[in-house]
Every structure is written in structure tokens, then in C-alpha cells.
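Please examine the structure shown below before reading the report. The text deals with charged side-chain pairs and with one part of the surface.

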Amino acid sequence: MRTLELTVYNFDELPEEIQNKAMADLSDINVDCEWYDGEFDYWHEKLEEFGFMEPTIYFSGFNSQGDGACFDCKSINLEHAWKFFKLDMENQQSWVNRRLQAHENWIYDYLFNYVTFEIRCVNSRYSHENSHVISSYSYSPTAGLLDEIHAEFENWLENFRRGLCMEIYQNLSDEYNHLISDEAIIETIRLNDYEFYADGQIA
């Protein structure tokens with residue numbers, strides 16, 4: 001039997017070259033678990049505020065063609081979504097805003113009571129803004145102004161959804177890039193008091 005004594009070092013005691021090797025070996029230290037949970041929690045709350053109730057977020061990333069983020073939801077709360085639609089129409093000073101000022105109760109009653117909106121998956125192989133789409137079904141087909149507002153609202157809701165998907169993806173990408181940065185890796189090593197052998201292998 002023999003006893004070996006091994007010398008270990010904290011990160012800051014290693015030469016720069018060995019520090020770089022240690023960081024390369026631990027490059028996924030911050031992203032080898034559910035690192036996106038915080039972003040998901042934030043966006044679950046925001047999406048419900050916008051009217052997308054009980055959302056589920058999907059994403060893939062971050063350096064391949066077809067990467068992106070999307071979401072579906074249990075239901076769309078028209079009352080929540082309608083507030084943001086009206087605000088957009090008012091800011092754009094569109095013809096829709098003028099019609100809403102004159103006929104909002106009538107239009108809203110039709111959309112709320114006779115139309116169902118949902119997010120439908122159109123491509124299950126990918127997770128990006130174009131893999132889902134807003135669709136609607138009217139239980140009481142109409143013509144004229146109601147049809148026009150219905151179409152405008154559905155188009156707005158789809159563009160709103162797509163914009164949110166792209167924003168979610170950008171947030172996830174920013175967080176991921178931060179977590180794999182040298183600064184974030186070094187911070188985690190120091191916070192966890194990791195020790196290393198002279199060759200940079202973790203002790």
C-alpha cells in the first residue's frame with residue numbers, strides 16, 4: 001500500500017493556458033440542465049397577460065437552420081387580446097379604429113359569442129414562429145363589416161403571435177449566449193469553489 005499526495009488548485013491559481021482548458025472542458029456547465037426555466041416562467045406570465053392562457057413554449061437552438069421558438073395554449077382569452085388589438089388600432093389610427101368607435105359593442109359581441117380562436121400546429125418537425133398559426137371558426141357566418149373586422153383581428157392576432165415567438169427566441173438566445181460566455185463560466189466555477197489538478201482536470 002502507498003499513499004499519494006496530490007496538489008489541487010483553485011481556478012485563479014492556474015496558469016492562463018490551463019484556465020482556458022478548464023473553461024473549455026466546462027463549457028456547458030451552465031446549460032446542462034433546465035437553464036431556460038426562468039425565461040419560461042417570465043413568458044408564461046406575459047403570454048397569459050396577452051390572452052394566451054396556459055401556454056406551452058417550444059424551442060430549438062441556436063445555430064441551425066429552422067431554429068426558433070413557438071408556443072401553443074389551452075385557450076385564447078379574447079378580452080385580454082382585444083385590449084391590445086384596440087390599442088394597436090388606435091395608435092395606427094386605422095379605419096378599424098374608426099369602426100370600433102362607432103360599433104365596438106356589436107363587433108365584440110359577435111367575436112366573443114360566435115367565433116372561436118385557437119393556435120394550430122402546422123409543422124411538428126420544427127419549433128419556430130411559422131410552425132403554428134392562428135385559426136378561427138365562426139358559428140354564425142356573416143358578411144360586410146363583421147367579416148372585415150373578424151379578418152383584421154385574426155390577422156393582427158397572428159402577427160402578434162409571430163412577433164411574440166420571435167421575441168421569446170431572442171430572449172432565450174441572449175440568455176444562452178450569456179450562460180456559455182467565459183465570464184458566466186468563470187463565475188460559476190468560483191461560486192462553486194471548484195478545484196483542479198495542474199493539467200486543468202477538475203479534482
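## Salt bridges and a surface patch

Arg-190 has a relative accessible area of 45% and is therefore partly exposed; this term covers values between buried (under 20% relative accessible area) and exposed (over 50%), with a 1.4 Å probe and protein chains only. The model is a predicted one, in which local features need pLDDT of at least 70 and side-chain atom pairs count only at pLDDT 80 or more, while totals for chains, interfaces and linings use all residues. Residues are numbered from 1 along each chain as its sequence is written, and side-chain values use heavy atoms, with hydrogens and water left out.

Side chains of opposite charge can pair when their charged atoms come close. A salt bridge is defined here as a side-chain nitrogen of Lys or Arg within 4 Å of a carboxyl oxygen of Asp or Glu. How many salt bridges does a search of the whole structure find? The search finds five, and the table presents some of them, including the pair formed by Asp-12 and Arg-190.

| Salt bridge | N to O distance |
|---|---|
| Asp-12 and Arg-190 | 2.6 Å |
| Lys-86 and Glu-104 | 3.0 Å |
| Glu-49 and Lys-46 | 3.5 Å |

The side chains of Asp-12 and Arg-190 meet in a salt bridge. This pair links distant parts of the chain, 178 residues apart: Asp-12 lies in the loop between strand 1 (9-10) and helix 1 (16-25), and Arg-190 in helix 6 (residues 182-191). Helices (H or I, at least four residues) and strands (E, at least two) are DSSP runs, numbered from the N terminus. Asp-12 counts as partly exposed because its relative accessibility is 47%.

Lys-86 and Glu-104 also form a salt bridge. This pair links distant parts of the chain, with Lys-86 in helix 3 (residues 78-92) and Glu-104 in helix 4 (residues 95-114), 18 residues apart. Lys-86 is partly exposed at 29%, and Glu-104 is partly exposed at 23%.

Glu-49 and Lys-46 form a salt bridge as well. Both belong to helix 2 (residues 37-50), and because they are three residues apart, about one helical turn separates them.

The surface also carries a nonpolar patch of about 260 Å², made by Leu-6, Val-8 and Tyr-197. Patches consist of residues with over 30% relative accessible area and no salt bridge, where like charges are joined within 9 Å and nonpolar side chains (Val, Leu, Ile, Met, Phe, Trp, Tyr) within 5 Å. Accessible areas come from the Shrake-Rupley method with a 1.4 Å probe; for residues, only the protein chains shown count as cover. Tyr-197 is placed in the segment after strand 8 (195-196) and is partly exposed, at 31% relative accessibility.
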